[in-house]
Protein chains: 2
Amino acid sequence: MGEQIPALDSDFLKKGHEVYLRHVSVDGVIFGFHENELKVLLLKWKNNGPWCLPGGFVRREESLQKAATRILHERTGLHDIFLQQFHTFGEPDREKKKTQINSNMAGSWLMERFVTVGYYALVEYSKVKPAPDMLSDECRWWDIQSVPALVYDHNDILNHALAALRQSLNDHPIGYSLLPEKFTMPELQRLYETILGRPIDRRNFQKKMLGLDILVRLKERKTGGAHKAPYLYRFDKRKYDRALKEGWGLGFV
Amino acid sequence: MGEQIPALDSDFLKKGHEVYLRHVSVDGVIFGFHENELKVLLLKWKNNGPWCLPGGFVRREESLQKAATRILHERTGLHDIFLQQFHTFGEPDREKKKTQINSNMAGSWLMERFVTVGYYALVEYSKVKPAPDMLSDECRWWDIQSVPALVYDHNDILNHALAALRQSLNDHPIGYSLLPEKFTMPELQRLYETILGRPIDRRNFQKKMLGLDILVRLKERKTGGAHKAPYLYRFDKRKYDRALKEGWGLGFV
DNA sequence: CCAAAAGTGTTGCCTTTACACCCATGT
DNA sequence: ACATGGGTGTAAAGGCAACACTTTTGG
């Protein structure tokens with residue numbers, strides 16, 4: 001399935017800079033939504049190292065966007081990921097505690113300073129197959145509320161991504177990327193409430209969402225749950241794309 | 001006054017990468033406001049080359065923000081510039097028409113691919129002393145409406161900056177950086193109209209601005225002009241800073 | 001039959017928009 | 001005096017927030 005993940009071998013350490021740009025990296029904040037909680041995908045470095053954001057380097061003939069897409073594909077197995085660049089982090093001491101995993105790394109391009117371009121991604125939780133990279137031996141979802149201390153400035157990057165996500169709630173109907181094809185109105189509402197971190201009135205929310213005229217109510221209802229069965233909805237791709245161009249004023253925030 | 005501008009000499013071409021990060025540059029879109037027109041500061045490359053945005057490189061121990069500040073200081077003479085990072089441009093072919101100014105450049109780090117971090121700045125037009133850099137022999141303001149074709153993707157960068165500026169009109173009262181200390185309400189309105197590219201109702205604008213409670217009306221009036229003399233205003237720094245923290249809802253756009 | 005969740009509609013407030021009148025100044 | 005631009009207030013409209021009642025379902 002596409003790319004081969006390079007191994008952290010001597011060749012990569014000594015000649016990586018012939019393949020990748022020096023001093024430039026890409027980090028991704030991958031958001032998912034599951035069981036009414038906003039999740040983020042993290043990696044754990046080998047040898048019981050710290051947790052970190054998935055990231056990687058930019059090939060010499062590759063765009064930043066392509067690099068981010070490639071890296072996130074490698075971690076999630078997904079194509080067609082909704083990606084948004086949000087900030088570039090370039091403090092000279094952002095990696096001050098940079099550690100050598102092995103002796104080969106001394107003097108390597110990898111030990112030099114990196115400026116990292118942050119992208120956030122919105123993915124459908126259930127479709128992701130988390131996969132560690134060459135530097136890590138674990139890859140899994142974390143609840144946004146209980147993210148551990150991350151390496152370098154990665155907590156900072158995560159917080160910036162979250163702020164950018166909140167900001168973009170006004171311009172983009174986030175649900176399209178984060179929810180499964182069919183979903184209920186309460187599920188969509190939980191998503192918004194989770195991202196915004198505050199409750200929203202049930203009835204006003206429904207009115208506003210339906211008012212956008214991008215949702216289709218299906219005949220079916222969600223079965224199995226207790227209490228009254230909610231309707232299922234899906235996005236109307238035609239109307240959704242049209243509205244994307246014209247912008248929409250969903251004045252949350 | 002501070003930095004010495006390096007000359008485009010053999011030493012810079014051959015050893016610049018020991019001082020600066022490879023593949024990373026910073027470009028600035030410097031906005032000013034004069035005679036009811038939004039202006040942008042551009043440089044013209046030597047030997048009758050194309051116009052471009054002011055930019056430069058990042059020292060190995062310098063943050064992106066510091067680099068942008070340094071570069072913009074060199075072009076404008078200003079300290080304490082309001083700077084905002086807005087996007088990072090990393091298409092591999094963004095500099096496809098890269099030209100060698102002289103034969104020393106062959107194989108130089110300068111001829112390699114650069115990812116550039118875009119910052120926009122808001123400055124007070126009258127305080128700027130435009131100064132060319134080592135690659136250019138002219139530096140002057142251009143009306144935003146009549147910007148010429150720029151080198152590489154610099155028109156693209158400028159357009160992104162303008163979009164980011166419009167966006168931030170809602171969160172930040174731009175006037176503080178772009179206008180002189182004392183200004184009239186019509187002047188402030190022209191600024192908003194120019195950035196938004198559309199007219200605003202005179203009375204509603206005044207109501208909204210005064211409603212923010214960050215302006216102080218002075219006893220003086222603007223003299224010299226024809227017709228009724230408008231009041232002069234200045235920002236109330238105390239209230240301005242307080243409002244900055246809390247955010248304000250000036251629902252333009 | 002009761003608790004808990006979902007579906008729907010109405011009201012009032014507040015923000016935004018539209019618009020009219022008077023005042024000051026240079027020609 | 002008149003044309004042009006500046007200062008102020010008011011009324012209508014539209015969007016948003018607050019809120020109550022009914023329906024469905026499992027226990």
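The following exercises, with worked solutions, concern a predicted model.

**Exercise 1.** Determine whether the length of helix α5 of chain B agrees with the span expected at 1.5 Å a residue.

*Solution.* Step 1: the helix covers residues 185-196 of chain B, which is 12 residues. Step 2: the expected span is 1.5 Å times one less than the number of residues, so the helix should span 16 Å. Step 3: the end C-alpha atoms are 17 Å apart, which agrees.

**Exercise 2.** State how many residues of α5(B) are buried, and describe what follows the helix.

*Solution.* Step 1: a residue is buried if its relative accessible area is under 20%. Step 2: nine of the 12 residues meet this condition, and the helix is mostly covered. Among them are B:Met185, B:Leu188, B:Tyr192 and B:Leu196. Step 3: B:Gly197 comes after α5(B) and has a positive phi, near 75°.

**Exercise 3.** Describe the protein surface near DNA strand D, by residue class and by helix.

*Solution.* Step 1: 19 residues surround the strand, and the closest are A:Arg203, B:Arg202, B:Arg203, B:Lys207 and B:His227. Sugar and phosphate make up 47% of the strand's atoms that come within 4 Å of the protein. Step 2: the surface has 11 charged, four polar and four nonpolar residues. Step 3: α6 of chain A, and α5 and α6 of chain B, each supply at least two residues of this surface.

**Exercise 4.** Identify which part of DNA strand D lies 2.9 Å from the side chain of B:Gln206, and which part lies 2.8 Å from that of B:His227.

*Solution.* Step 1: for B:Gln206, an N or O atom of the side chain is 2.9 Å from a phosphate oxygen. Step 2: for B:His227, a polar side-chain atom is 2.8 Å from a base oxygen.

Technical notes: Residues numbered from 1 in each chain as written. Chains lettered and ligands numbered in written order. Predicted model: local features only at pLDDT ≥ 70, side-chain atom pairs only at ≥ 80, totals over all residues. Heavy atoms only, no water. Helix = DSSP H or I, 4+ residues; strand = E, 2+ residues; numbered from the N terminus. Buried < 20%, exposed > 50% of the residue type's maximum accessible area, 1.4 Å probe, protein only. Near = heavy atom within 4 Å. Polar contact = N/O pair within 3.5 Å; in protein donor to acceptor, adjacent residues only side chain to side chain. Nonpolar A, V, L, I, M, F, W, Y, C, P; charged D, E, K, R; others polar.
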